[in-house]
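Here are some notes on the structure you asked me to look over. Please read them with the model open beside you, and check each point as you go.

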Amino acid sequence: MKQITFWMMFIVLSVAFFSCRYDNEEDLYGDAICDTSNVTYSNNVKPILVANCLSCHSTANAATFGSGIKLEEYSDLMIQVNNGNLVGAITHASGYPAMPQGGAKLDDCTIEKIVTWINNGAVNN
Ligand code: HEC
């Protein structure tokens, strides 16, 4: 009888422990896996730039707000990709102005997507 009670307790506690563990919101959403497969310029990189950067770095606004640095056209963006300034700025690497200027750093997954796109050849896809 004592043995059965022990096993009952063990099972109940195990279930309680694991259900807590796996329903934990942080595990589900916090450090959720960053999906960098199939990252493309048009589906991923461009929308990130539109949402966070083009207010200052659009072709029209760059002279006034973006220190002349344009990120709207692919060919302009590629200048900042190839000279390393884009990654330096968004990762807040020392020696680069931290971007977005005056705003919060992009989240890790967003940065990872841009870096993955560059590592895949920064294709205009
Ligand atoms: C509020 C306006 C503003 C926003 C928003 C902004 N930038 Fe900038 N950005 C600037 C200014 C101003 C400079 C020039 C800063 C300097 O030289 O100190 C700059 C410089 C840069 C540079 C050149 C860095 C270098 O080493 O010379 C890059 C690349 C850049 N920004 C990328 C971005 C990206 C990517 C975003 C969005 C994630 C962004 N910026 C958002 C204003 C902005």
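1. From the N terminus on, the elements of the protein run α-α-α-α-α-α-α-α, which is to say that there are eight helices and zero strands. Please keep in mind while reading that this is a predicted model, and that every value below was computed from it.

2. Some totals for the whole protein come next. Of its 125 residues, 27% are buried, and the accessible surface comes to about 8,500 Å², with 58% of that area belonging to carbon and sulfur atoms. Among the contacts with a separation of 6 or more, 46% are accounted for by residues 24 or more positions apart.

3. Which protein atoms are the donors of the iron atom of the ligand? They are NE2 of His 57 and SD of Met 99, lying 2.0 to 2.2 Å from the iron. The site has six donor atoms, with angles of 85 to 177° among them, and it is octahedral. As a point of comparison, the ideal angles for six octahedral donors are 90 or 180 degrees.

4. The positions of these two donors deserve a careful look. His 57 lies in helix α4 (residues 54–57), whereas Met 99 lies in the loop between α7 (85–90) and α8 (108–119), so the pair ties together parts that are 42 residues apart in sequence. His 57 is buried because its relative accessible area is 10%, under the limit of 20%, and Met 99 is buried as well, with a relative accessible area of 17%.

5. The loop between α7 and α8 has further features to inspect. Met 99 is joined to Pro 100 by a cis peptide bond, with omega at about -5°, and Pro 100 is found in this loop. His 92 also has its place there, and it has a positive phi of about 60° although it is not a glycine. At 31% relative accessibility, His 92 counts as partly exposed.

6. Two other residues with positive phi can be checked alongside His 92. Ser 67, in the loop between α5 (62–65) and α6, has a phi near 55°, again a positive value in a residue other than glycine, and at 67% relative accessibility Ser 67 counts as exposed. Gly 84, just after α6, takes a positive phi of about 85°.

7. Where does the largest nonpolar core draw its residues from? The elements that give two or more residues to it are α3 (41–52), α6 (74–82), α7 and α8. This core has 19 residues, and those with the most contacts inside it are Leu 77, Val 81, Ile 114 and Trp 117.

8. Helix α6 shows how such packing looks in detail. Asp 76, Leu 77, Met 78, Gln 80 and Val 81 are buried in α6, and what covers the buried residues of this helix includes α3, α7 and α8. An α-helix has 3.6 residues a turn, so residues three or four places apart point the same way. Leaving aside residues up to four places away in sequence, Leu 77 touches Tyr 41, Val 45, Leu 49, Lys 70, Leu 71, Leu 86 and Trp 117.

9. Val 45, one of the residues touched by Leu 77, has its place in helix α3 and is buried, with a relative accessible area of 1%. Apart from neighbours within four places in sequence, Val 45 is in contact with Thr 40, Leu 77 and Trp 117. The C-alpha atoms of Val 45 and Ala 122 are separated by 9.7 Å, although these residues are 77 residues apart along the chain.

10. Cys 53, found in the loop between α3 and α4, is buried, with a relative accessible area of 11%. Not counting residues up to four places away in sequence, Cys 53 touches Ile 48 and Leu 71. Cys 53 and Met 99 are 46 residues apart in sequence, and their C-alpha atoms are 8.2 Å apart in space.

11. A last detail concerns Thr 116, which is found in helix α8 and counts as buried at 17% relative accessibility. What does the side chain of Thr 116 reach? It reaches the backbone oxygen of Glu 112, at 2.7 Å.

Methods
Residues are numbered from 1 along each chain as its sequence is written. This is a predicted model: local features need pLDDT of at least 70, side-chain atom pairs count only at pLDDT 80 or more; totals for chains, interfaces and linings use all residues. Side-chain values use heavy atoms; hydrogens and water are left out. Donors are N, O and S atoms within 2.8 Å of the metal (3.2 Å for Na, K and Ca); water is not among the atoms, so sites may look incomplete. Four donors count as tetrahedral if all angles lie between 85 and 135 degrees; four count as square planar and six as octahedral if opposite donors are over 155 degrees apart and all others between 65 and 115; anything else is irregular. Helices (H or I, at least four residues) and strands (E, at least two) are DSSP runs, numbered from the N terminus. Buried means under 20% relative accessible area, exposed over 50%, partly exposed in between (1.4 Å probe, protein chains only). A nonpolar core is a set of buried Ala, Val, Leu, Ile, Met, Phe, Trp, Tyr and Cys residues joined through side-chain atoms within 4.5 Å. Contact means heavy atoms within 4.5 Å. Accessible areas come from the Shrake-Rupley method with a 1.4 Å probe; for residues, only the protein chains shown count as cover. A polar contact is a pair of N or O atoms within 3.5 Å; within protein, one must be able to donate a hydrogen and the other to accept it, and residues adjacent in sequence count only if both atoms are side-chain atoms.
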